[in-house]
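Please follow this account with the coordinates open, moving from the overall make-up of the chain to its sheets, and then to individual strands and side chains.

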Amino acid sequence: MDRKLIAASLILLAAQVFMLASDIDIYPDSDNYSGDKRQEEIGIIVGKKQNVKKRELGSIVWENTEKLDALMAYDSVLTLENSSALLKLKDDINIDLHENTLIVLEPVENEKNDSLRISFSRGDFLSRNPKRRLSVASGEWLIDAKPGTDLSIKSLKDEQVEIEVVSGAVEVKNKKNNQKLNQMPEGTRFTISKTELNNVKKISTELRFNMRDEERIYSHTFPIEQKVSWQGNAKYLRIVGPSKSIDSIAVSGEAHKQTVSFMPGTYYLSLTNGEQTSREIITRVIKAPQIRYTTPLPRSRFELGNEILFGWTSLEGAQEYDLVFTNKNSEFNKYTAKGTTYKVNPSLEGTIGMFVYGKDEAGFTIPPHYGQTLYFIRDPLAPPQLISPTPRAPANSAPTTPKKKKLPPKDTS
């Protein structure tokens, strides 16, 4: 009986290993993956946040990446939760990967086809190809972006992919029947599924947000409330969140603003009034890294007027720091530091709160999860002063005998 169970277990294990190997392309199609091109370097990682991994063709091991790591032909790149990566490929092609995204980088096939190709599996990314054509393969579809095209691509539920042509133009082909569809010009958003292209919408300039194209919100607590404002007569605020489902919030046409609750993740926001739709903006809600203050110690006392060395641990993604001191009167001093130490003579006096804020490469603020209390006083060695002292009455040198109380005379009548 034991031998039968062991044999059955080994058969199941072998089947699972074969399925896993097939899924991760250990056995690649030789027609699609030329051995001569596997050693071709086609880009580098110019920026990353948290967990970004890559895997070579034929490998089962995902390797951790570092900034400036080289990317070879047929490398797979994966961003995990709360992670992102910026890739720079040949001819200034930039790929901005958001969290939970998986792509495979493929080289130019031949001289006649001068485009790099990205095989898109899932997630969200932005692409810019100012000089060279870029092809994005998704399922049976091939999105061919002409030079000078900016794209926003994201996966939706039910194996759908939504593409927004921010600038430039693309052509969409079905790889199965090689059917060329109409050109999608600048300002077009459309969806592709397994079998069809649909939901083609022209983006209007009458509906637009009063916000940057990409907002980043760092926080230590969730959910967070964020105000969204816009121009134009919008009826619905459309949100594509981390779950990849599409949510529509009815909004007032007169208010032009809405408060939205966010959890960590990447959100795509757009406006619609039934006939028109706006460009999408991206709101990335990120769990802020924690900071620790290394010097001085909490509740330290310093003489006012002396220079003091302040230090803290680095925050991932921070390019510089703001060292802020504040008192109970809401007065504050702010100093900008490039590193994790700064020597300064604060001008505030009394009980002071110390906080260090990070700033990422785009200038977004990373808040601290706690502050530190310090004391800046004029004479730290002065004796303590009593508040409203009350002198005590001196004691008598000798005890006194209390006087006896005189009684009234007795009545003798």
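A convenient place to enter this predicted model is the pairing of L134 with A145, since A145 of strand β12 is the bridge partner of L134. This pair belongs to a ladder of 5 bridges that joins strand β11, residues 134–138, to β12 in the antiparallel sense. The two strands form a hairpin in which 2 residues lie between them, and G139, which sits in the turn, has a positive phi of about 60 degrees.

On its other pairing, β12 meets strand β15, residues 170–174, again over 5 bridges and again antiparallel, and within that ladder W141 has N174 of β15 as its bridge partner. How many residues of strand β12 are buried? The strand covers residues 141–145, and 5 of its 5 residues are buried, so β12 is largely enclosed by the rest of the structure. Both of its faces are covered, with W141, I143 and A145 buried on one side, and L142 and D144 buried on the other.

Stepping back from this strand, one finds that the protein has 1 helix and 35 strands. Of its 413 residues, 42% are buried. Among the contacts between residues at least 6 apart in sequence, 57% join residues that are at least 24 apart. Strands of a sheet pair through backbone hydrogen bonds, in either the parallel or the antiparallel sense.

One of the sheets is open and is formed by 9 strands, which follow the order β4-β1-β6-β7-β10-β13-β14-β17-β18 with antiparallel pairing. Its edges are β4, residues 70–72, and β18, residues 197–202, and each of these has a single partner strand, so that one side of each is left without a neighbour in the sheet. On average, and with direction ignored, neighbouring strands of this sheet are turned by 20 degrees against each other. Within this order, strand β13, residues 149–156, and strand β14, residues 160–167, pair in the antiparallel sense over 7 bridges, and I153 stands opposite I163 in β14.

Another open sheet has 5 strands in the order β20-β26-β25-β22-β23, and here the pairing is mixed. The edge positions are taken by β20, residues 214–219, and β23, residues 246–250; each has a single partner strand, so one side of each is left without a neighbour in the sheet. Neighbouring strands of this 5-stranded sheet are turned against each other by 25 degrees on average, direction ignored. A parallel pairing can be followed between β20 and strand β26, residues 281–287, which are joined by 6 bridges, and in this pairing S219 stands opposite K287 in β26.

A last stop concerns a charged side chain, that of K53, which has its place in strand β2, residues 52–55. Which side chain of opposite charge is nearest to K53? It is E66, at 9.6 Å, and K53 is buried yet has no salt bridge. The side chain of K53 does, however, make a polar contact of 2.4 Å with the side chain of N64. If its neighbours within four places in sequence are set aside, K53 is in contact with W62, E63, N64 and T65, as well as with S76, V77, L78 and L80.

How values were computed
Residues numbered from 1 in each chain as written. Predicted model: local features only at pLDDT ≥ 70, side-chain atom pairs only at ≥ 80, totals over all residues. Heavy atoms only, no water. Pairing = 2+ DSSP bridges. Helix = DSSP H or I, 4+ residues; strand = E, 2+ residues; numbered from the N terminus. Axes fitted to C-alpha atoms, helices over the stretch in contact; angles between N-to-C directions. Buried < 20%, exposed > 50% of the residue type's maximum accessible area, 1.4 Å probe, protein only. Lys, Arg positive; Asp, Glu negative; His and termini not counted. Salt bridge = Lys/Arg side-chain N within 4 Å of Asp/Glu carboxyl O. Polar contact = N/O pair within 3.5 Å; in protein donor to acceptor, adjacent residues only side chain to side chain. Contact = heavy atoms within 4.5 Å.
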